[in-house]
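Got the viewer open and a coffee to hand? Let's take a walk through this one, a selection at a time.

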Amino acid sequence: MFDTRNVKPHLKSYLLAGSAGLALVWGAAAMAEEAADFPSGPLQFLVAAGAGGGTDNFARTVKPMLEEALDTRVTVINLPSASGALAHQRTANSDPDGHTLDFASSTLVTSLAAGQNPTGLDQLTPVARMQSDVMTLIVDPEKYADFDAFKAHVEENPGDVIIGGTHAASPDRMAFLSLRDASGLDMNFIPYDEEGSVAANVMGGNIDGMFGEISSVLSYMESGEMMPILVFAEERLPNFPDIPTTVENGWDLTDGNERGIFVNAETPDAIVDRLEASLKEVYDSEPYQQYEEKVNLHYREGWLGSEDYRKKLEENYELYKRLLENS
C-alpha cells in the first residue's frame, strides 16, 4: 500500500483511487481464479427429504450428470428430519465454498412461512430451480366422478369435506389453502406424516381427497384406485386432457411443488455462477429432459436461475404467510 502522508492533496486522491481500483481488480482476479479452481474436492448433496421421494430422485438423477460436468465426485446424504430443516441448517453452517449443496422442495419456504424452519432465505443462496411439479386434487373416482361432482358435494355439505396432505406446513396444505381462498369452498384439512398414509385414507374412504403432484399418483391412476380431478395449471395437460384446470375455473392458481438447489449465503458469486451454469448444462441435456418426461415433470418450464428463483421464493413466502395467517 502507498504511504500518502506526504503527498500533495490532488496526487493523494489520485493514488488512493488508483489503489482502490487495483484492489478491485485483484479481488476480481482472485474470485475468477477461485471459480476456475472449483471444485477443489468432492461435493456433498444434502437432500432435505427421505430416500425414494421426488426430491431424493431429483438429487440422484442430477448426481452423475453434475459429476461429469464438474469432473468431481458427489456424495448424497438424506436429512429428512423436521421437514428437511436439518439439511438447511447444515448448509447454512457449512464452509461457504460451494461444496455443500442443499437439494430442497417448496417445503423449505412453506415451513419458513409457518415459523417451523429456523434457516431463513438470508442464510442460503438459491443456485437454481430445476423442477416445477404440477399440483393436483386427487380423489377416489368411485366417490367423485369428476371435479364438478366434487364441487357440488362441497357446496351442498359445507364444512364436511376433508382433504388430506403431508404435515401442516407442506406444499399440499398450501395448495389446499390457495384453492379454498380462491374458490370459497368450505373444506377442512387433515395433515399426515407420510404421503402413503394420506393415499390409504383416500382409498379407504376416510377422507374425501388429497393434494399431491401428478407424478406421485401415476400407479394409482393406472389401477383406477385414485384419479386427479383438478390440476393447478393454465392449460390442460396433454397426457390428461380430460382433467380441468384451476385457471379455466377462474382461479389464478398455478403453483406446484418446486425443487431447487441452495448453498451457503456467503458463497462467492463466481462459484454460484459456476454452479448455476453447470446445472443449466445438466438441465438442458437430453438425459435430464428424458427423465423429466418419464416422471411427468415436463408440463411446464422448471428452470429459474439464481436471481429469478430468489424473487419467486420471496413472493411465495409472502403468499404462504398470508394464507397461513388467514387459515
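In what sense do β5 and strand β8 pair, and over how many bridges? Select residues 135–139 for β5 and residues 209–213 for β8, and you'll see the two pair in the antiparallel sense over four bridges. One thing to keep in mind as you click around: this is a predicted model.

**Stop 1: the strand with partners**

Stay on β5 and β8 and pick out L137; its bridge partner in β8 is F211. Now add residues 227–231, which are strand β9. β5 and β9 run antiparallel too, joined by four bridges. For a marker on that side, click I138 and look for P228, which stands opposite it in β9.

Next, show the side chains of β5. In a regular strand, side chains alternate between the two faces of the sheet. Here M135, L137 and V139 point one way, while T136 and I138 point the other. Is β5 buried or exposed? Five of its five residues are buried, so the strand is largely enclosed by the rest of the structure. The cut-off behind that word is a relative accessible area under 20%.

**Stop 2: just past β5**

Move along to K143, in the loop between β5 and α5 (147–156). Which side chain does K143 meet in a salt bridge? Select D208: the two side chains come together at 3.1 Å, N to O. D208 sits in the loop between α7 (195–203) and β8, so this pair links distant parts of the chain, 65 residues apart. Colour the two by accessibility and they part ways: D208 is buried at a relative accessible area of 9%, whereas K143, at 41%, counts as partly exposed.

**Stop 3: a buried pair**

Now hop to R129 and E258. Their side chains meet in a salt bridge, 2.8 Å from N to O. R129 belongs to strand β4 (residues 124–133) and E258 to strand β10 (residues 257–264), so the pair ties together parts that are 129 residues apart in sequence. R129 counts as buried, with 7% relative accessibility, and E258 is buried as well, with a relative accessible area of 3%.

**Stop 4: on to a helix**

Keep those two on screen and add D255 and K312. D255 forms a salt bridge with K312, and their closest N and O atoms are 2.9 Å apart. D255 lies in the loop between β9 and β10, and K312 is in helix α11 (residues 306–325), so the pair ties together parts 57 residues apart in sequence. At 25% relative accessibility D255 counts as partly exposed, while K312 counts as buried at 17%. What do R129, D255, E258 and K312 form together? Salt bridges that share partners join the four into one network.

**Last stop: zoom out**

Clear the selections and switch to the cartoon. The protein chain comes to 11 helices and 11 strands, and a search of the whole structure finds 11 salt bridges. Of the 327 residues, 49% are buried. Flip to a surface view and you're looking at about 15400 Å² exposed, with carbon and sulfur atoms supplying 48% of it. And how do the contacts divide by distance along the chain? Among those with a separation of 6 or more, 76% are between residues 24 or more positions apart.

Terms used: Residues numbered from 1 in each chain as written. Predicted model: local features only at pLDDT ≥ 70, side-chain atom pairs only at ≥ 80, totals over all residues. Heavy atoms only, no water. Buried < 20%, exposed > 50% of the residue type's maximum accessible area, 1.4 Å probe, protein only. Pairing = 2+ DSSP bridges. Contact = heavy atoms within 4.5 Å. Areas by Shrake-Rupley, 256 points an atom, 1.4 Å probe, with all protein chains shown as cover.
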